[in-house]
Amino acid sequence: YNAPIVAYTLCGRKCFYRYEDSDFSIFNNVLNAQDIQVLMNTIDMLGKYRGVPANRWLEEIISSLEIRFGIKCNSENLISFDYNDRLKGLEYLSFIIDSTINHQTLNIDYVSADGVFSTHVLHPYYVKQYNNRWFLFGMDNAEEIIKNLALDRIKKIEKSECLFRKNEIVDFDSYFDNVIGVSVPYAPYPELMEIQLKFSSRRFKYVTSKPLHKSQKVINDTDCVVSIKVFYTQELEQQIFSFGPDVEVISPLWLREQFIQR
C-alpha cells in the first residue's frame with residue numbers, strides 16, 4: 001500500500017511501528033498494492049510522452065490520474081477535475097467499455113431527446129466523452145449505419161446473441177476531425193462549410209487562446225474575425241449561440257440570416 005511506516009526504538013532495543021503521517025489509512029485508498037503499482041507503471045510510461053506537441057492531451061490525463069489515485073498528494077484539496085456524478089447512464093460505462101474491447105454485440109433500449117423509444121442491436125466500436133457526457137458509437141445491425149447513443153438515454157442494456165461484426169467502415173482516429181462535438185453526418189457526407197465569425201474584442205482573446213476547432217484561422221485581427229471549416233451540426237449551432245451577443249456570423253449568408261432571425 002506504499003504506507004508511510006516508520007520504526008521507533010525504545011531503550012535501544014524495543015521497537016514499534018506507526019504511520020509517519022498520523023492521518024494515513026490504507027482504507028482511504030480503494031486500490032490494492034498491485035493496482036497502485038500497475039497504475040504507477042502506466043503513468044510512468046505515459047509520462048515519457050509529456051511535452052510532445054502532438055500529445056499535449058496526455059498532460060491532462062496523466063495529471064488527472066496522479067491526483068485521483070493519490071500518486072501526487074492533494075491533501076489540501078487544491079485541485080479538482082470536471083465530473084458530473086449525477087449524470088445518468090454512468091453505471092453502464094464499465095460494461096460498455098468491456099463489451100467494446102471484447103467485441104460483444106449489445107441489445108439496447110433507448111429513449112431519444114424527443115422521448116421516442118427504440119431498440120437497437122448494436123456492434124460497439126468506440127466510446128467517447130464530450131461535454132461531460134459519454135457516447136457509444138457502433139454499427140446498428142438493422143440499419144447498417146454508425147449510430148451514436150448517449151449513455152444517459154439508455155434505459156436497458158444487455159449482451160446480444162448476434163454475432164459481432166468487425167468495424168470495417170470508420171476510422172475513429174479521424175472520424176471527428178470535421179465536426180464540433182460528436183454528431184457526424186451520415187454518409188454521403190455534405191460538403192465542408194467555411195464559417196466566418198466576428199467576435200467582440202474581449203471574447204476574441206478567449207477564442208484565439210481556446211480555438212473552436214482545429215481548423216480555426218484568424219482572418220482579421222483588427223476586426224476580430226476567425227474562420228472554421230466543419231460540417232454543420234447541432235453542436236456547432238449550440239457552440240455559436242453560447243457566445244451570445246459577443247459573436248456575429250459573417251458567412252455563409254444563409255447561416256447569417258438564420259442566426260439573425262433566431
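How many bridges join S8 to strand S10 (residues 225-230)? Six bridges join the two strands, which run antiparallel. Strands here are DSSP runs of E of at least two residues, helices are runs of H or I of at least four residues, and both are numbered from the N terminus. Two strands are taken to pair if DSSP finds at least two bridges between them. The model is predicted, so that local features need pLDDT of at least 70 and side-chain atom pairs count only at pLDDT 80 or more, while totals for chains, interfaces and linings use all residues. Residues are numbered from 1 along each chain as its sequence is written, and side-chain values use heavy atoms, with hydrogens and water left out.

Within the pairing of S8 and S10, glutamate 194 stands opposite lysine 229, and lysine 198 is placed opposite valine 225. S8 also pairs with S11, in the antiparallel sense and over four bridges; here phenylalanine 199 faces valine 247 of S11. These strands belong to an open sheet of four strands with antiparallel pairing and the order S9-S10-S8-S11. Because S9 and S11 stand at the edges, each with a single partner strand, one side of each is left without a neighbour in the sheet. On average, neighbouring strands of this sheet are turned by 35° against each other, direction ignored. Axes are lines fitted to C-alpha atoms, for helices over the stretch in contact, and angles run from 0 to 180 degrees between N-to-C directions.

The two faces of S8 can be told apart: Met193, Ile195, Leu197 and Phe199 form a covered face, and Glu194, Gln196 and Lys198 an uncovered one. H6 packs on the sheet and touches S8 and S11, its direction making about 150° with that of S11. In H5, Glu235, Leu236, Glu237 and Ile240 are buried (under 20% relative accessible area; exposed means over 50% and partly exposed in between, with a 1.4 Å probe and protein chains only). The buried residues of H5 pack against strand S4 (117-130), S8, S10, S11 and helix H6 (253-261), contact being heavy atoms within 4.5 Å.

A search of the whole structure finds nine salt bridges, each defined as a side-chain nitrogen of Lys or Arg within 4 Å of a carboxyl oxygen of Asp or Glu. One of them links aspartate 177 and lysine 214 at 3.1 Å, N to O. Aspartate 177 lies in the loop between strand S7 (154-159) and strand S8 (193-199), and lysine 214 in the loop between helix H4 (201-209) and strand S9 (217-220), so this pair ties together parts that are 37 residues apart in sequence. Aspartate 177 is partly exposed at 26% relative accessibility, whereas lysine 214 is exposed at 64%.

Arginine 203 and aspartate 246 form another salt bridge (3.2 Å, N to O). Since arginine 203 lies in helix H4 and aspartate 246 in the loop between helix H5 (234-241) and strand S11 (247-251), the pair ties together parts that are 43 residues apart in sequence. Aspartate 246 is buried, at 14% relative accessibility. Salt bridges that share partners join Asp140, Glu143 and Lys147 into one network. Within this network, lysine 147 and aspartate 140 meet at 3.6 Å, N to O; lysine 147 is buried at 11% relative accessibility, and aspartate 140 is buried at 3%.
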